[in-house]
Amino acid sequence: MSGNPEASKARTSMNLYETFTQLENFGHSLTSSCYRIRATNTEDIHEAFQLAKRLGLTVTARGTGISYNDASLNGGNIVLDMTGMDRILDWDPASGVVRCEAGVTLEDLWKRVEPDGWWPPVVSGTMKTTLGGCLGANIHGKNNFRVGTIGEHVTEFTAILPTGARVTCSPQKNADLFYAMIGGLGMLGVFTTMTLQMKRIYSGLIEVDAWHVKNLKHQLDSLLEHAPDHDYIVGWLDTTARGRSLGRGQIHAGRNLREGEDAQAQETMKLTYQHLPDRLFGVMPKALLHYFMNPFLNNFGVRLINAAKYMTALRDHTFRQSHAGFHFLLDYVPDWERSFGRGGLIQYQSFLPKETAENAWREMLVLSHRRGTPSYLGVTKRHRPDKFLLTHAVDGFSLAMDFKVSDGNRATLGTLLKDFDRIVLEAGGRFYFAKNSETSAETARAFLGEGVIAKFKKLKQRCDPNNLLESDLYRRIFKDIGP
Amino acid sequence: MSDSPKPAHRTPLTPRRCGLIIGASGGLGAALAKKLAGQETSLALVARSKDKLDALCRQINAKGGYALAYPHDVCDYDKVPDLLRKIVADLGGLDFVIYAAGINLPPGGIDRYNFENDRLMVEVNLIGAMAWLTPVAEMFQAAGAGQIVGIGSVAGDRGRVGNPGYNTSKAGLATYLEALRNRLTRRGVHVLTVKPGFMNTEMLKAAQGATPFVIEPEKAAEDIFKAMTKRKQVIYTASLWRWIMLAIQHTPSFIFRRLTF
Ligand SMILES: Cc1cc2nc3c(=O)[nH]c(=O)nc-3n(C[C@H](O)[C@H](O)[C@H](O)COP(=O)(O)OP(=O)(O)OC[C@H]3O[C@@H](n4cnc5c(N)ncnc54)[C@H](O)[C@@H]3O)c2cc1C
Ligand SMILES: NC(=O)c1ccc[n+]([C@@H]2O[C@H](COP(=O)([O-])OP(=O)(O)OC[C@H]3O[C@@H](n4cnc5c(N)ncnc54)[C@H](OP(=O)(O)O)[C@@H]3O)[C@@H](O)[C@H]2O)c1
């Protein structure tokens with residue numbers, strides 16, 4: 001690479017120590033100190049690789065850094081902060097095709113396309129994520145059963161490999177890299193730009209049906225049965241309910257309004273209409289809410305909250321809600337995860353085939369109660385398989401369970417999650433690398449299969465022969481994954 | 001690396017700290033290594049004696065701990081930055097650094113002088129500490145976190161007849177650590193100065209004259225571990241030295257000049 005000699009000189013004499021930074025995962029349950037270097041253009045990415053090579057260090061690309069685990073952490077090594085590459089390069093409101101730099105967030109994106117009558121085809125439960133992070137994890141939304149993961153809406157991306165090569169990938173061109181780098185957790189190369197097809201909308205509103213479900217079977221049957229006549233479906237699962245109520249909760253199923261269904265479409269599609277309110281119920285400043293939640297976040301308080309939530313869910317109803325409100329519920333309460341206290345939180349998300357899900361999750365929920373370490377929040381979704389190499393998807397469901405971590409429960413929780421892994425594997429399930437923090441190399445090998453691992457290792461060798469791209473997650477799972 | 005330990009991954013349910021001990025091949029440094037290895041801590045151990053470091057690592061790793069050996073002479077100041085970077089990368093981070101390397105070379109009588117020995121003591125006990133703690137301070141300051149522990153001595157509290165060079169090196173170290181503390185506390189970094197009295201180690205053999213209140217290095221390691229947890233600023237070990245040194249520090253010079261210890 002040619003590069004600007006002045007800039008590289010500056011980087012060479014740069015004091016690496018001054019970039020030492022203590023970073024965290026999303027749930028504040030993990031810290032890792034790294035040298036944080038910011039990329040504002042592709043030259044910076046090349047330089048980061050050169051620097052790493054010269055100093056015997058490794059590099060991890062990091063977007064917003066809100067994965068639940070160590071996917072974007074690289075203890076004692078370089079973390080390449082991509083949030084400075086945040087330009088939307090092309091937006092064509094006629095075709096709905098957008099080309100962005102990797103540090104553009106979903107928030108930047110929807111705010112740009114929504115007023116023109118488009119919406120990102122797949123979004124996460126928070127809009128703070130970057131497109132680089134979304135492709136790295138290959139995120140799924142509440143519409144996974146219908147439209148697949150975000151990778152299925154990427155028509156092309158460009159990336160820089162640790163070898164220094166710049167590659168352009170699409171389902172047609174460099175297809176093997178396309179399907180491995182999306183969902184590849186930044187282990188093969190660094191995305192620089194991506195082109196995505198947005199989805200047409202005809203209203204700023206989504207029509208939502210909400211109904212309660214009495215137990216786990218009812219919950220899963222509902223997801224299965226009602227997914228086909230909705231665009232989005234998601235379940236809240238009361239993880240603290242026991243006995244005959246085990247797995248009870250509430251389903252929210254959303255439908256994009258068709259042309260003409262919203263008489264006020266002009267109005268509701270305006271950006272101002274989509275803004276999340278600053279105050280909850282009009283009184284409580286949202287920024288303070290997590291302090292009020294904290295006293296309830298213990299095994300007892302959470303049972304009360306879940307039970308109260310179920311009571312209010314008993315009233316089945318239909319309503320219309322803004323896209324932002326429907327998708328980014330969690331962004332309503334900034335720093336909500338802080339209410340989990342000093343030990344922070346982790347999430348355990350398992351993906352199970354529709355035939356085995358009910359029994360496996362029943363066993364897991366009962367086990368979590370018996371061990372005295374119940375999950376505090378459960379969310380279910382309906383999924384479909386996809387062809388990405390490290391995919392987490394199945395023809396079935398996922399259940400995401402949040403756990404509070406404390407000095408007193410780490411050991412018990414660790415054993416519980418090992419038992420969960422065994423149950424999920426036996427039921428033919430899979431895991432999501434952007435969420436689970438304790439997945440071992442053995443577990444990953446078991447669900448990915450030898451063939452996938454061999455393919456991945458071959459690509460790793462080709463893209464990154466000197467192992468310059470490593471993260472804490474890579475070292476935990478993939479570095480010594482076997483044969 | 002001989003006998004590498006099993007990889008120890010940091011996860012929310014298996015948190016670990018990463019620590020560096022300089023002067024870890026024997027005495028107090030080795031006792032600290034054994035104590036901290038049992039506290040979910042990954043350790044990098046630095047000293048000149050490779051054999052001793054390897055043996056210590058083997059012992060720690062056999063018990064399920066995690067320790068790596070880095071043979072190095074602290075007087076190789078220029079090698080510090082590269083070695084530090086390698087250690088931090090190998091450990092996967094850095095949460096605390098303990099500087100315990102030290103030598104005590106008495107001049108051999110209260111009327112003897114030996115510049116070579118004095119120079120060596122200052123080079124190991126003080127300049128070596130500055131060579132290591134400078135980049136460490138820069139890193140911790142930038143990160144807004146970290147702990148620095150320096151092993152001084154009661155001998156640094158007053159200049160005495162027995163060993164001017166040693167007194168000076170330890171007084172200098174104490175002042176240096178105090179200055180670091182004043183700079184870094186506001187940045188979220190903890191700096192602890194440890195002043196041992198007499199400890200039953202190799203070094204004690206060099207001591208001349210009476211050696212009252214000797215403690216085992218394991219006891220000192222226990223005190224230091226507690227002080228790190230409680231984020232104390234200056235401790236004496238054994239703790240009764242605080243009172244002894246208070247008296248000694250307040251002894252007027254006209255008396256002190258006549259003493260022979
Ligand atoms: C509240 C909340 C709700 C969520 N809801 C969902 C959800 O509904 N569905 C879902 O699928 N996920 C969800 N997630 C997970 C989240 O979408 C992913 O963890 C996502 O990767 C985070 O984006 P980020 O920009 O923070 O990525 P980071 O955490 O910074 O990075 C994630 C991975 O991508 C890699 N990466 C980042 N940028 C690049 C780049 N430019 N090139 C190459 N690799 C890169 C990193 O190395 C890392 O492996 C949720 C997370 C939170 C906190
Ligand atoms: N023992 C006491 O009574 C006493 C009292 C007050 C204070 N102290 C202080 O406590 C600290 C520990 O002393 P100790 O009693 O444990 O002594 P020790 O048993 O002699 O240990 C000293 C350590 O420092 C290392 N060291 C010495 N020179 C070095 C060099 N040039 N480069 C790298 N490492 C070097 C030694 O390792 P290698 O030889 O392998 O390099 C050894 O690991 C010292 O700072 C000492 O001044 C001791």
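This report covers salt bridges, helix packing and a surface patch in a two-chain structure.

The model is predicted: local features need pLDDT of at least 70, side-chain atom pairs count only at pLDDT 80 or more, and totals for chains, interfaces and linings use all residues. Residues are numbered from 1 along each chain as its sequence is written, chains are lettered from A and ligands numbered from 1 in the order written, and side-chain values use heavy atoms, without hydrogens and water.

**Salt bridges**

Over all chains, the structure holds 40 salt bridges. Here a salt bridge is a side-chain nitrogen of Lys or Arg within 4 Å of a carboxyl oxygen of Asp or Glu. The table gives some examples from chain A.

| Acidic residue | Basic residue | N to O distance |
|---|---|---|
| A:Asp81 | A:Arg38 | 3.3 Å |
| A:Glu261 | A:Arg255 | 3.0 Å |
| A:Asp419 | A:Arg422 | 3.6 Å |

Start with the salt bridge between A:Asp81 and A:Arg38. This pair links distant parts of the chain, 43 residues apart. A:Asp81 sits in strand S4 (residues 78–81) of chain A, and A:Arg38 in strand S2 (residues 31–38) of chain A. Helices (H or I, at least four residues) and strands (E, at least two) are DSSP runs, numbered from the N terminus.

Is A:Asp81 buried or exposed? A:Asp81 is buried, because its relative accessible area is 7%. Buried means under 20% relative accessible area, exposed over 50%, and partly exposed in between (1.4 Å probe, protein chains only).

A:Asp419 and A:Arg422 lie three residues apart in helix H14 (residues 410–426) of chain A, so about one helical turn separates them. A:Asp419 is buried at 15% relative accessible area. A:Arg422 is partly exposed at 38%. Elsewhere, salt bridges that share partners join A:Glu207, A:Arg255, A:Arg258, A:Glu261 and A:Arg320 into one network. Two of its members also differ in burial class: A:Arg255 has 17% relative accessibility and counts as buried, whereas A:Glu261 has 25% and counts as partly exposed.

**Helix packing**

Two packed helices are described by the angle between their axes and the distance between the axes. Axes are lines fitted to C-alpha atoms, for helices over the stretch in contact, and angles run from 0 to 180 degrees between N-to-C directions.

In chain A, helix H7 (residues 216–226) packs against helix H13 (residues 357–370) at about 140°, with the axes 10 Å apart. H7(A) is therefore oblique to H13(A). Angles under 35 degrees count as roughly parallel, over 145 as roughly antiparallel, 65 to 115 as roughly perpendicular, and the rest as oblique.

In chain B, helix H1 (residues 27–37) and helix H2 (residues 50–62) cross at roughly 20°, and their axes come within 10 Å. So H1(B) is roughly parallel to H2(B).

**Surface and interior of chain B**

Which residues form a nonpolar patch on the surface? They are B:Phe213, B:Leu240, B:Trp243 and B:Leu246, with about 420 Å² of accessible area together. Accessible areas come from the Shrake-Rupley method with a 1.4 Å probe; for residues, only the protein chains shown count as cover. Patches are made of residues with over 30% relative accessible area and no salt bridge: like charges are joined within 9 Å, nonpolar side chains (Val, Leu, Ile, Met, Phe, Trp, Tyr) within 5 Å.

B:Leu246 belongs to helix H7 (residues 241–249) of chain B. B:Leu246 counts as partly exposed because its relative accessibility is 41%.

B:Met139 is in helix H4 (residues 115–143) of chain B. B:Met139 is buried, with a relative accessible area of 0%. B:Met139 and B:Phe256 are 117 residues apart along the chain, and their C-alpha atoms are separated by 42 Å.
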